[in-house]
Amino acid sequence: MSVEIKQITELSDLKKFVRFNIQLYKNNPYHVPGIVNDELMTLDPQRNPAFEFCEAAYFLAYRNGKIVGRIAGIINHRANETWNQSNARFGFLDFINDDEVVDALFVAVTNWAKNKNMEMLQGPMGFTDLDHEGMLIEGFDQLGTMATIYNYAYYPRQLERLGFIKDQDWKEYKIFVPSAIPEKHLRISEIVRKKYGLKTLKFRTRKEVMPYARRIFETLNQSYSVLYGFSELTPAQIDYYVKMYIPMIRLEFVTLIVREADDKVVGFAITMPNLSKALKKAAGSLYPFGWAHLAKELYMKGNPVVDLYLIGVIPEYQNKGVNALLFDDLIPVFQRNGIKYAESNPELETNTAVQMQWNYFERQHHKTRRAYIKRI
């Protein structure tokens with residue numbers, strides 16, 4: 001039974017591309033589906049400002065008229081310029097466990113990348129660092145999160161069969177909320193606050209957040225600039241993410257650290273109650289009941305898990321204890337809301353400074369994910 005590869009050119013096929021992931025994992029207890037319309041927006045050149053410097057192609061694999069796999073080819077020209085590379089990315093990858101299907105998908109995306117004069121193929125990655133990246137290689141029995149990829153255990157075996165090798169790993173932790181702020185954190189917080197003239201900002205309304213919204217993502221640009229595969233967010237992208245994220249945030253779970261002298265944002269933490277169970281109930285759609293499931297997990301007490309979604313400190317203040325200020329504020333918030341543990345979400349294994357900050361807490365390394373690479 002031969003495999004047919006179809007490059008997507010129609011919106012109707014793009015919807016099939018997105019929904020295949022939900023269908024493939026329909027009965028999997030650990031997979032967390034995204035929202036179909038959000039993923040369509042990410043893939044749409046007319047709506048995603050990343051296409052100012054990215055290009056992409058999408059492929060579906062069919063057998064006997066049934067979809068059996070999908071893959072996206074992506075070139076982030078800004079990242080290639082930043083890192084002096086000629087790399088294409090693969091992402092949005094899903095397939096049944098069948099060698100012929102996998103071979104056909106990767107032949108299609110490899111030929112596309114070669115025609116674009118690319119030398120390497122790496123992934124899974126998205127258009128930017130804020131898209132899902134990294135294939136799960138450990139932790140298949142752990143519930144996924146909104147910010148991460150879940151995949152079957154046969155995925156990495158298939159990549160390795162094709163000759164892909166490790167390019168980078170990320171670790172993920174469960175970090176258990178202590179009954180009291182660690183004494184060392186309290187001491188560091190007070191020292192850092194006085195030494196550098198910093199203060200903690202909290203917000204009561206989204207209107208109060210808006211003057212800082214763009215500055216949060218400008219701080220992200222600075223703090224993430226040295227991380228694997230990162231390309232600086234453009235002003236249009238910042239506007240895009242402000243519109244996407246600010247309406248979702250729960251204000252008490254957001255903390256900013258600013259300099260008193262000039263109100264510069266030197267650190268931030270955007271955390272939110274874990275939405276994995278709500279997203280599973282929503283099954284890819286906000287209507288008719290998806291919104292209700294998400295709102296219940298986001299705003300009602302009783303959700304024992306929080307996601308450490310985006311956390312950043314500008315380079316000038318890294319390794320100086322600013323993270324202690326963030327958690328000095330957030331730990332009482334978590335305690336008040338009955339949070340038992342936090343999902344760290346992916347942290348580069350080479351980013352030891354970030355991982356060292358969890359030494360003061362009980363933690364469990366429960367997932368590992370990998371970006372693969374291959375010369376083409």
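**Exercise 1. Work out which residues line the largest cavity, and what kind of lining they make.**

Start with the list: the largest cavity is lined by Ile175, Phe176, Val177, Pro178, Leu308, Phe327, Ile331, Phe334, Ala342, Trp358 and Phe361. Keep in mind that this is a predicted model.

Next, map that lining onto the secondary structure. Two or more residues come from each of β7 (165-176) and α11 (322-336). The top contributor is α11, which supplies three residues.

Now sort by class. The lining holds eleven nonpolar residues, no polar ones and no charged ones.

Last, the volume: this cavity comes out at about 80 Å³.

**Exercise 2. Find out how many cavities of 30 Å³ or more the structure has, then describe the second largest.**

Searching the whole structure turns up two cavities at that cut-off. The second largest contains about 30 Å³ of space.

Its lining is made up of Arg250, Phe253, Pro273, Glu297, Met300, Lys301, Gly302, Asn303, Asn337 and Ile339. Split that by class and you get four nonpolar, three polar and three charged residues. Compare the largest cavity, where the lining has no polar and no charged residues.

**Exercise 3. Pick Asn337 from the second lining and describe its surroundings.**

First, place it: Asn337 sits in the loop between α11 and β12 (341-343).

Second, is Asn337 buried or exposed? Its relative accessible area is 6%, and the cut-off for buried is under 20%, so Asn337 counts as buried.

Third, follow the side chain. It gets to the backbone oxygen of Val333 at 2.8 Å, and it also makes a polar contact with the side chain of Glu252 at 3.4 Å.

Fourth, list the neighbours. Leaving out residues up to four places away in sequence, Asn337 touches Arg250, Glu252, Phe253, Lys301, Gly302 and Asn303. Now check these against the cavity: Arg250, Phe253, Lys301, Gly302 and Asn303 also appear in the lining of the second largest cavity.

**Exercise 4. Locate Ala147 and set its sequence separation from Leu310 beside the distance in space.**

Begin with the element: Ala147 belongs to the loop between β6 (135-138) and α5 (154-161).

Then take the pair. Ala147 and Leu310 are 163 residues apart along the sequence, yet their C-alpha atoms are 9.9 Å apart.

Finish with contacts. Not counting residues up to four places away in sequence, Ala147 touches His132, Tyr309 and Asn345.

Notes. Residues are numbered from 1 along each chain as its sequence is written. This is a predicted model: local features need pLDDT of at least 70, side-chain atom pairs count only at pLDDT 80 or more; totals for chains, interfaces and linings use all residues. Side-chain values use heavy atoms; hydrogens and water are left out. On a 1 Å grid over the protein atoms alone, a cavity is a set of points where a 1.4 Å probe fits but cannot get out, and a pocket is an open set with protein on both sides within 12 Å along at least five of seven lines; lining residues have an atom within 4 Å of a point. Grid points are joined across faces, edges and corners, and a volume is the space filled by probe spheres set on the points. Helices (H or I, at least four residues) and strands (E, at least two) are DSSP runs, numbered from the N terminus. Ala, Val, Leu, Ile, Met, Phe, Trp, Tyr, Cys and Pro count as nonpolar, Asp, Glu, Lys and Arg as charged, and the others, Gly among them, as polar. Contact means heavy atoms within 4.5 Å. Buried means under 20% relative accessible area, exposed over 50%, partly exposed in between (1.4 Å probe, protein chains only). A polar contact is a pair of N or O atoms within 3.5 Å; within protein, one must be able to donate a hydrogen and the other to accept it, and residues adjacent in sequence count only if both atoms are side-chain atoms.
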